[in-house]
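Here is a short briefing on one protein chain. Keep the sequence and the coordinates open while reading.

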Amino acid sequence: MENSNSTPTQNIEKKSIIKAIAIAFICGMALLIVAVLPAEYGIDPIGTGKLFGFSKLYVPDEDDNNLQAMVSNTNIPLVKMEKVGSGPNVPRPVEADYPAPDKQLPIREDQTEVIVPAGKGIEFKINVLKYGTVKYEWTTQNRELLYFDFHGEVKQKVKPKQTYYDSYTIATANNMVGSLLAPFEGSHGWYFRNSSSQDVVVKLKLKGQYTL
């Protein structure tokens, strides 16, 4: 009868294979935790992704709200130069050419939210003296796109039948940052128009020489 028991050499080979598999598994898990999870999925359970810089490789996907906003605003109409300002039929008031005051308004900072109703437009304005400066930043809460007209209206002693205004920027966007040097005393700000079926929240930051 032949002996069916394994030889010492076969046992050593089996142990070596098992050991190699175990080492490969441990190395694979270590690579997954240290590099793959932070770089591909933004998951960094032990902080090694941040330590070795793999977390910087992670680029998050757009969420469903952002994708929906992008899809629903693919047909954005072009803005023509004729849309800038109140038009040639509205005379420029003499108050627009008054000299700047000797003293500007004190510097202040504010943060607020503007809710633009679904299917409607709304204005947000601040009062600035001639040559007053204001820095601003606004962003829609879920990165929805809004049509806006950033403009200023001249402060007049007698309210006219047709309001004269200058447009500074007209576009469709979800974010805007910049500064204003007011060309005349009056109210300056944004007209936002929301063409979607959901209300849009605009987060607005201001810093400069103005009053609300």
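The points below go from overall layout to core, strands, loops, salt bridges and surface.

This is a predicted model. The protein holds three helices and eight strands. Counted from the N terminus, the order is α-α-α-β-β-β-β-β-β-β-β.

**Overall layout**

- The protein has 212 residues, and 28% of them count as buried.
- Among contacts with a separation of 6 or more, 78% join residues 24 or more positions apart.
- The exposed area is about 14800 Å², with 57% of it supplied by carbon and sulfur atoms.

**Nonpolar cores**

- The largest nonpolar core has 22 residues. Trp138, Phe148, Trp190, Phe192 and Leu206 touch the most other members.
- Strands E1 (107–116), E2 (121–128), E3 (133–140), E4 (146–154), E6 (175–181), E7 (186–193) and E8 (200–209) each give two or more residues to this core.
- E8 provides the largest share, four residues.
- Another core, of five residues, lies apart from this one. Its members include Val90, Val154, Tyr164 and Phe184.
- Which residues does Phe148 contact, leaving aside neighbours within four places in sequence? They are Trp138, Thr169, Ile170, Ala171, Thr172, Ala173, Met176, Trp190, Tyr191 and Phe192.

**Strand E3 and its partners**

- E3 pairs with E6 in the antiparallel sense over seven bridges. Within this pairing, Trp138 has Met176 of E6 as its bridge partner.
- E3 also pairs with E8, antiparallel and over seven bridges. Here Tyr136 stands opposite Leu206 in E8.
- The covered face of E3 carries Val134, Tyr136, Trp138 and Thr140. Its uncovered face carries Thr133, Lys135, Glu137 and Thr139.
- Is Thr140 buried or exposed? With a relative accessibility of 1%, Thr140 falls under the 20% limit and therefore counts as buried.
- Beyond four places away in sequence, Thr140 touches Leu146, Asn174, Val200, Val201 and Val202.

**Loops and the C-terminal segment**

- Tyr131 sits in the loop between E2 and E3. Its phi is near 70 degrees, a positive value in a residue other than glycine. Tyr131 is partly exposed, at 47% relative accessibility.
- Arg143 sits in the loop between E3 and E4. Arg143 is not a glycine either, yet has a positive phi of about 65 degrees. Its relative accessibility is 45%, so Arg143 counts as partly exposed.
- Thr211 belongs to the segment after E8. Its C-alpha atom is 5.2 Å from that of Asn127, although the two are 84 residues apart along the chain.
- Outside its neighbours within four places in sequence, Thr211 contacts Leu105, Arg108, Ile126 and Asn127. Thr211 is partly exposed, at 31% relative accessibility.

**Salt bridges**

- Side chains of opposite charge can pair when their charged atoms come close.
- The whole structure has seven salt bridges.
- Lys203 and Glu113 form one, at 2.6 Å from N to O. Lys203 is in strand E8 and Glu113 in strand E1, so this pair ties together parts 90 residues apart in sequence.
- Both partners are partly exposed: Lys203 has a relative accessible area of 36%, and Glu113 stands at 48%.
- Glu153 and Lys125 form another, at 3.1 Å from N to O. This pair links strand E4, which holds Glu153, to strand E2, which holds Lys125, across 28 residues. Glu153 is partly exposed, at 21% relative accessibility.
- Glu185 and Lys155 meet at 3.5 Å, N to O. Glu185 lies in the loop between E6 and E7, and Lys155 in the loop between E4 and strand E5 (165–173), 30 residues apart.
- Glu185 is partly exposed at 34%, whereas Lys155 is exposed at 54%.
- Arg92, Asp97 and Asp166 are joined into one network by salt bridges that share partners.

**Nonpolar surface patch**

- Which residues make the nonpolar surface patch of about 770 Å²? They are Phe25, Ile26, Met29, Leu31, Leu32, Val36, Tyr41 and Ile43.
- Ile26 lies in helix H1 (residues 8–41). Its relative accessible area is 56%, over the 50% limit, so Ile26 counts as exposed.

Conventions: Residues are numbered from 1 along each chain as its sequence is written. This is a predicted model: local features need pLDDT of at least 70, side-chain atom pairs count only at pLDDT 80 or more; totals for chains, interfaces and linings use all residues. Side-chain values use heavy atoms; hydrogens and water are left out. Patches are made of residues with over 30% relative accessible area and no salt bridge: like charges are joined within 9 Å, nonpolar side chains (Val, Leu, Ile, Met, Phe, Trp, Tyr) within 5 Å. Accessible areas come from the Shrake-Rupley method with a 1.4 Å probe; for residues, only the protein chains shown count as cover. A salt bridge is a side-chain nitrogen of Lys or Arg within 4 Å of a carboxyl oxygen of Asp or Glu. Buried means under 20% relative accessible area, exposed over 50%, partly exposed in between (1.4 Å probe, protein chains only). A nonpolar core is a set of buried Ala, Val, Leu, Ile, Met, Phe, Trp, Tyr and Cys residues joined through side-chain atoms within 4.5 Å. Contact means heavy atoms within 4.5 Å. Two strands pair if DSSP finds at least two bridges between them.
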